[in-house]
Amino acid sequence: MSQELIRSSRPFFPKEDINAILSDLGLVLEEGKLRNGKNLKTFEKIVSDYLGIKYALSLDSDSSALETVLQYYKIKDREVIVSTNSFISIPNSVLYAGGQVVFADIKKETLSMNPVDLYKKITAKTCGVILTHIAGFPHPELNKIQEFCQNNHLFLIEDATHAMGAAIADQKIGTFGDAAIFAFTPTKVATTGEGGMLVTNDSQLADYARLYSYYGSGPEKTQFVNLGRHMLLPEIAAILGIYQMRRIEEFIAKRNQIAAIYNEAFDQINGLDTVKVKKDNRCSYYKYPLILNSKFNKAEIQKKLLNNRVETGTIFYPPCHMQTIYASETKNRSLLNAEDVLTRTITLPMHTALTDQDISQVVTSVKKAIDC
């Protein structure tokens, strides 16, 4: 049995990529072109070609990408509906753009936004929906929500921060809504160290984002026509992204192989539930959620696993509406499904660097922790 901690998540760079990355970094340092260089353009083209979308704009974070979209849609004093099972950066971006956050509940079996609760939250002030593909699972009712938004003149933004490479049939996640955001932080399926991306087929949004991401500048970056921020992704980070995206299919295949082993091990155990991938969908498995029966104490299970050198996580607990910044708002009061199921959900190690021995140890440790 391995004596090292089996980490819940971590980035992975093959040795041959590390050598090539160091060489490319050296060239950038010699040239002295640290932003807006050829590597940034290459990275953006790789992503747009991979997704099959017209515009992909690299930014310093997914929060920057989302805030840019929300500023474009002029959401000030209007309501945006967000799944409470999202990272805190999603509702925070709504506030930064001057909007009002309304949280929707989730379905227990999918951990994804419940369309029925979404429909209940619509008011005259609602202007759009941010839909999270939680843990890399394509939202199983995306098409229904997409149609609803179109019929009600609401923008739909895909929070695809977990879902690079996930797909519904042959269409990649991130290409269904009016825009989508991706994240390239160290825990994601592909990483640039830190960074994000805005993707869209809307040329006007793409043009706005280019201006907004550099202080609202005009084409020559000497005339400033709008209020904006500094949100550029450095050239060095883009190099990491290039090498990671070249291996994205390899990474996703490995994650799906790990998930298949986990599913086989845990699907037949009474007291454990796994999240299922809808037929014809592909999950990127940013994380692997395991839902515990209420008879188990989550903290005790996690402690037992850690004692067996298996690190775990959550997705996400407490949910956003229970966080201090939002908990006092009356419109964000209890969302019962989220409060129930997320307190019983852990995530198991899921990353490309896991070995067969690591995976076996995770399975054995989970069974031991629940006395199976």
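In this predicted model, E1 (55-59) and E9 (196-200) run antiparallel to each other and pair over five bridges. Within that pairing, Ala56 sits opposite Val199 of E9. E9 also has E8 (179-183) as an antiparallel partner, this time through four bridges, and here Ile181 is matched with Leu198 of E9. Strands of a sheet pair through backbone hydrogen bonds, either parallel or antiparallel.

How many residues of E9 are buried? Five of the five are, so the strand is largely enclosed by the rest of the structure. Gly196, Leu198 and Thr200 point one way from E9, while Met197 and Val199 point the other way, and all are buried.

Helix H7 (residues 203-212) belongs to this part of the picture too. Its buried residues are Leu205, Ala206, Tyr208, Ala209 and Tyr212. Looking down the axis of H7, these buried residues fall within an arc of 165°, so they line one face of the helix. They pack against E1, E8 and E9, and also against helix H3 (62-72). The N-terminal end of H7 is capped by Asp202, with a side-chain oxygen placed 2.9 Å from the backbone nitrogen of Gln204.

Next come the nonpolar cores. The largest one holds 43 residues, and the members that touch the most others are Phe43, Met164, Phe182 and Met245. Several elements supply at least two residues each to this core, among them E3 (100-104), E4 (126-132), H6 (142-151), E8, E9 and H8 (235-246). The top contributor is H2, with five residues. In soluble globular proteins, nonpolar side chains tend to be buried together. Met164 gives a good local view: leaving aside its neighbours within four places in sequence, it is in contact with Val47, Tyr50, Leu51, Phe182, Phe184, Met245, Ile248, Ile252 and Ser284. There is also a second, separate core of 39 residues, which includes Ala259, Leu272, Leu292 and Phe296.

Turning to another sheet, three strands form an open arrangement in the order E10-E12-E13, with antiparallel pairing. E10 (272-274) and E13 (345-348) are the edge strands, each pairing on one side only. On average, neighbouring strands of this sheet are turned by 35° against each other, direction ignored. E12 (residues 288-292) is joined to E13 by four bridges in the antiparallel sense, and Tyr288 stands opposite Leu348 of E13. Helix H9 (residues 248-266) lies across E10, E12 and E13, running at about 15° to E12. H9 also supplies at least two residues of the largest nonpolar core.

A few backbone details in the loops deserve a look. The loop between H10 (298-307) and H11 (324-327) contains Phe316, and the peptide bond leading into Phe316 from Ile315 is cis, with omega near -25°. Pro318 is in the loop between H10 and H11 as well, and the bond from Tyr317 to Pro318 is cis, with omega near 0°.

Positive phi values turn up in residues other than glycine. Lys74, in the loop between H3 and E2 (79-83), has phi near 50°. Leu111, in the loop between E3 and H5 (115-120), has phi of about 65°. Are these residues buried or exposed? Lys74 counts as exposed because its relative accessibility is 64%, whereas Leu111, at 1%, counts as buried.

Methods:
Residues are numbered from 1 along each chain as its sequence is written. This is a predicted model: local features need pLDDT of at least 70, side-chain atom pairs count only at pLDDT 80 or more; totals for chains, interfaces and linings use all residues. Side-chain values use heavy atoms; hydrogens and water are left out. Buried means under 20% relative accessible area, exposed over 50%, partly exposed in between (1.4 Å probe, protein chains only). The arc is that of the directions from the helix axis to the C-beta atoms. Contact means heavy atoms within 4.5 Å. A polar contact is a pair of N or O atoms within 3.5 Å; within protein, one must be able to donate a hydrogen and the other to accept it, and residues adjacent in sequence count only if both atoms are side-chain atoms. Two strands pair if DSSP finds at least two bridges between them. Axes are lines fitted to C-alpha atoms, for helices over the stretch in contact, and angles run from 0 to 180 degrees between N-to-C directions. A nonpolar core is a set of buried Ala, Val, Leu, Ile, Met, Phe, Trp, Tyr and Cys residues joined through side-chain atoms within 4.5 Å.
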